[in-house]
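Reader: Please take a close look at one part of this model, the nonpolar patch on its surface, and set out with the cut-offs which residues make it and how they are placed.

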Amino acid sequence: MPSKYETAVYTQEQLESARTKGQFIGWVQGAASVGVLLFLLQFLGWIPLLLIAGVVGFGAFKLLRRKK
């Protein structure tokens, strides 16, 4: 199947392959994050972990919303 644009650098098959690999990597990263969260929860408990997550989330929010 010819590409949509004549000057395209990548073929449609390469784009689909990269998209599929990216989705798979995203799922693996998400599963790893949940695993780490559950591992930390086992040792710390809910309250300290929620406080840490709140502080990190607030810091990220402030960092992303700052005026330039």
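**The nonpolar surface patch**

Author: The protein exposes about 6700 Å², of which carbon and sulfur atoms supply 70%; accessible areas come from the Shrake-Rupley method with a 1.4 Å probe, and for residues only the protein chains shown count as cover. This is a predicted model, in which local features need pLDDT of at least 70 and side-chain atom pairs count only at pLDDT 80 or more, while totals for chains, interfaces and linings use all residues. Residues are numbered from 1 along each chain as its sequence is written, and side-chain values use heavy atoms, with hydrogens and water left out.

The protein has two helices and zero strands, taken as DSSP runs numbered from the N terminus (helices are H or I with at least four residues, strands E with at least two). Buried residues, those under 20% relative accessible area, with exposed meaning over 50% and partly exposed in between (1.4 Å probe, protein chains only), make up 3% of the 68 residues.

The patch itself covers about 690 Å² and is made by Val36, Phe39, Leu40, Phe43, Leu44, Ile52 and Val56. Patch residues have over 30% relative accessible area and no salt bridge (a side-chain nitrogen of Lys or Arg within 4 Å of a carboxyl oxygen of Asp or Glu); nonpolar side chains, namely Val, Leu, Ile, Met, Phe, Trp and Tyr, are joined within 5 Å, and like charges within 9 Å. Both α1 (12-44) and α2 (46-65) supply at least two residues each, but the largest share, five residues, comes from α1.

Within the α1 share, Phe39 counts as partly exposed because its relative accessibility is 49%, whereas Phe43 is exposed, with a relative accessible area of 60%. These two residues are four apart in helix α1 and therefore separated by about one helical turn. The count of aromatic pairs comes to one, where rings of Phe, Tyr and Trp (its six-membered ring) pair if their centres lie within 6.5 Å, and planes under 30 degrees apart count as stacked, over 60 as edge-to-face and the rest as tilted. The ring centres of Phe39 and Phe43 are 5.0 Å apart and their planes stand at 75 degrees, so this pair is edge-to-face.

On the other helix, Ile52 lies in α2 and counts as partly exposed, because its relative accessibility is 48%. Helix α2 is hardly covered, with one buried residue among its 20 residues.
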